[in-house]
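Biologist: Before I go to the bench, I would like to go through this structure with you. Please show it first.

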Amino acid sequence: ITWYADPDNPARYPWNAGEMVVTSGDVTFDFETALLPAERGDVYGFAKSEAFDLGSRHGVFKFDRKRTTVIDFFQKASPSVLRAEAALEGSGLCAVDMGMVGFSRTGLQRLFALAESVIGGRATVIGQLRSGRLSVDLYVELIMAFLAGVPRERYLEKVRPLSTVEEPALDRIHGAFRGADFRAFLTRHTQFIHFGSLHEYPVSCEILAAAS
């Protein structure tokens with residue numbers, strides 16, 4: 001699900017001109033949007049403080065000391081790994097990705113440049129996506145590439161166990177976001193309801209109905 005900045009349909013979100021926000025289709029959430037800063041970097045995510053067990057079923061951000069810039073991202077890592085590598089200092093919790101990714105104007109320029117680039121002298125990235133020859137996951141190949149401080153070999157190491165994308169395409173994706181300003185924001189007063197499994201679905205529906 002993708003939202004573009006639209007002044008006639010603010011959706012309670014403090015839009016910046018020209019930004020795009022992509023959300024997961026199996027999560028519904030609400031949070032205090034007024035706390036978001038106007039300056040959000042090139043690409044940015046949104047997180048909720050949660051226990052390591054819950055984080056092990058989702059993506060988890062690792063922040064710098066200011067809890068703004070993202071320095072690493074863990075996709076469905078074990079609770080023990082999250083406790084050792086991604087704990088929010090002093091809390092015993094981790095920053096669980098809410099499945100919502102924003103692109104500023106500069107972030108979109110990088111994304112569009114990637115889409116129009118050619119891999120292997122055959123076709124553009126967007127052409128291969130349209131034909132089904134290439135499949136890219138926002139929460140795997142792309143979000144790992146947003147990590148400005150992660151070198152190529154570390155990027156490949158993190159992505160390969162989760163991806164079927166061939167190495168030339170991974171190189172192009174990684175290069176497209178080299179040096180990007182990737183941030184994430186810990187939300188407050190957050191309702192995060194996941195519909196990702198049959199077990200969760202009826203419980204999540206009851207929570208959503210009670211909140212409406």
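Modeller: Helices of at least four residues and strands of at least two are DSSP runs, numbered from the N terminus. Keep in mind that this is a predicted model.

Biologist: How many helices and strands does the secondary structure of the protein chain come to?

Modeller: Counting such runs needs the length cut-offs just given, four residues for a helix and two for a strand. On that basis the protein chain has eight helices and 12 strands.

Biologist: How compact is the protein chain for its length?

Modeller: The globule rule gives 17 Å for 212 residues. The chain is as compact as a globular protein of that length, because its radius of gyration is close to that value, at 17 Å.

Biologist: What share of the 212 residues is buried?

Modeller: A residue counts as buried under 20% relative accessible area. In the protein chain, buried residues make up 47%.

Biologist: Which kind of aromatic pair do Phe 146 and Phe 177 form?

Modeller: The whole structure holds 12 aromatic pairs. For Phe 146 and Phe 177, the centres are 4.8 Å apart and the planes meet at 75°. Planes over 60 degrees apart count as edge-to-face, so this pair is edge-to-face.

Biologist: Is Phe 146 buried or exposed?

Modeller: Its partner Phe 177 has a relative accessible area of 0% and is buried. Phe 146 also has 0% relative accessibility, so Phe 146 counts as buried.

Biologist: Which residues do ring pairs link into a cluster with Phe 146 and Phe 177?

Modeller: Rings pair if their centres lie within 6.5 Å. Through such pairs, Phe 146 and Phe 177 are joined in a cluster with Phe 61, Phe 63, Phe 73, Phe 103 and Phe 182.

Terms used. Residues are numbered from 1 along each chain as its sequence is written. This is a predicted model: local features need pLDDT of at least 70, side-chain atom pairs count only at pLDDT 80 or more; totals for chains, interfaces and linings use all residues. Side-chain values use heavy atoms; hydrogens and water are left out. The radius of gyration is taken over C-alpha atoms; the globule rule is 2.2 Å times the number of residues to the power 0.38. Buried means under 20% relative accessible area, exposed over 50%, partly exposed in between (1.4 Å probe, protein chains only). Rings of Phe, Tyr and Trp (its six-membered ring) pair if their centres lie within 6.5 Å; planes under 30 degrees apart count as stacked, over 60 as edge-to-face and the rest as tilted.
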